[in-house]
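Colleague: I am new to this structure and would like a close look at its sheet. Please walk me through the strands there, how they pair, and what the side chains around them do.

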Amino acid sequence: MKRQQIIITTLLIFLTMISSCSENLFFGIEAPEVVDENGPNVTIINPEDGQILSGQIIINGTAVDTDSSVTNVKVQIDNGEWNDASGTTNWRYTINTTILSESTHQIHVKAQDSAGNIGADSISIIVDRSVPNIMLDMD
């Protein structure tokens, strides 16, 4: 009976050593490190591509990364400066279109994950501040 206890104790010590070791003791090979090479999946939800807008608008969307966390989201209008959006996985950015000319403009959004990878999305909007003419035919 004493021999069985020694064998069981030895086995338990061995299993404890294996479970606390980061290497595979049988082959001397470490488990492969997971490398994140993909940027976040960025989606502009609002406004829609090609939408005609005026006044103050909220640009919002999502940035999802299954391998890392999203660390920041930035928005650019045409070729202007990149500005920080509010939030990361659900983000938003407000712009007053009165600073833009009445024409088509590009909205670019990029998100970066904790591994340094970048994902992006872009849409076009049309700024039109003209007042529509309404003609009624009373005949």
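Modeller: Happy to! One definition helps from the start: strands here are DSSP runs of E with at least two residues, and they are numbered from the N terminus. With that numbering, Ala85 can be placed in the loop between β5 and β6, the latter covering residues 90-96. Please keep in mind that this is a predicted model.

Let us set the scene before moving in. The chain has 139 residues, and 25% of them are buried. Its secondary structure amounts to 1 helix and 8 strands. Following the sequence, you meet them in the pattern α-β-β-β-β-β-β-β-β.

The part you asked about is an open sheet of 5 strands, ordered β2-β8-β7-β4-β5, and its pairing is mixed. At its edges are β2 (51-53) and β5, each of which pairs on one side only. I suggest we start from the β5 edge and step inward from there.

Strand β5 consists of residues 83-84, and it pairs with β4 in the antiparallel sense over 2 bridges. Val75 has Asn83 in β5 as its bridge partner, while the bridge partner of Lys74 in β5 is Asp84. β4 and β5 form a hairpin with 5 residues between the strands, and in that hairpin Asp78 takes a positive phi near 55°.

The pair of Lys74 and Asp84 deserves a pause. Their side chains also meet in a salt bridge, with 2.5 Å from N to O. Lys74 lies in strand β4 and Asp84 in strand β5, so the contact ties together parts that are 10 residues apart in sequence. How many salt bridges does the structure hold? The count is 1. As for their surroundings, Asp84 counts as exposed because its relative accessibility is 53%, and exposed means over 50%. Lys74 has a relative accessible area of 24%, which means that Lys74 is partly exposed.

Just past β5 we return to Ala85 in its loop. Is Ala85 buried or exposed? With a relative accessible area of 13%, Ala85 is buried, since the cut-off for buried is under 20%. The C-alpha atoms of Ala85 and Lys110 are separated by 9.8 Å, with their positions 25 residues apart along the chain. Lys110 has a ring beneath its charge: it lies over the face of Trp82, at 4.4 Å from the ring centre. As for pairs between aromatic rings, a search of the whole structure finds 0.

One step further into the sheet, β4 (residues 70-77) pairs with β7 (residues 104-113), again in the antiparallel sense, over 7 bridges. Here Gln76 stands opposite His108 in β7. Strand β7 is also home to His105. This histidine is buried, as its relative accessible area is 4%. His105 and Asp78 are 27 residues apart in sequence, while their C-alpha atoms are 5.8 Å apart in space. You may remember Asp78 from the hairpin of β4 and β5, where it has the positive phi.

On to the next neighbour in the order. β7 and β8 run antiparallel and are joined by 9 bridges. His108 turns up once more, this time opposite Ser122 in β8. That gives His108 a place opposite Gln76 as well as opposite Ser122. The two strands β7 and β8 form a hairpin with 4 residues between them, and Gly116 in its turn has a positive phi of about 90°.

Finally, let us follow the chain out of the sheet. In the segment after β8 (118-127) you will find Leu136. Which residues form a nonpolar patch with Leu136 on the surface? They are Ile134 and Met138, and the three together have about 440 Å² of accessible area. Leu136 itself has a relative accessible area of 69%, so it is exposed.

To retrace the walk on your screen, begin at the edge strand β5, pass through β4 and its 7 bridges to β7, and then take the 9 bridges from β7 to β8. Past β8, the last strand in the order is β2, which is the other edge strand.

Definitions and conventions. Residues numbered from 1 in each chain as written. Predicted model: local features only at pLDDT ≥ 70, side-chain atom pairs only at ≥ 80, totals over all residues. Heavy atoms only, no water. Phe/Tyr/Trp six-rings, centres within 6.5 Å; stacked < 30°, edge-to-face > 60°. Lys NZ or Arg CZ within 6 Å of the ring centre and 35° of its normal. Patch = residues over 30% accessible without salt bridge, like charges linked within 9 Å, V, L, I, M, F, W, Y side chains within 5 Å. Areas by Shrake-Rupley, 256 points an atom, 1.4 Å probe, with all protein chains shown as cover. Salt bridge = Lys/Arg side-chain N within 4 Å of Asp/Glu carboxyl O. Buried < 20%, exposed > 50% of the residue type's maximum accessible area, 1.4 Å probe, protein only. Pairing = 2+ DSSP bridges.
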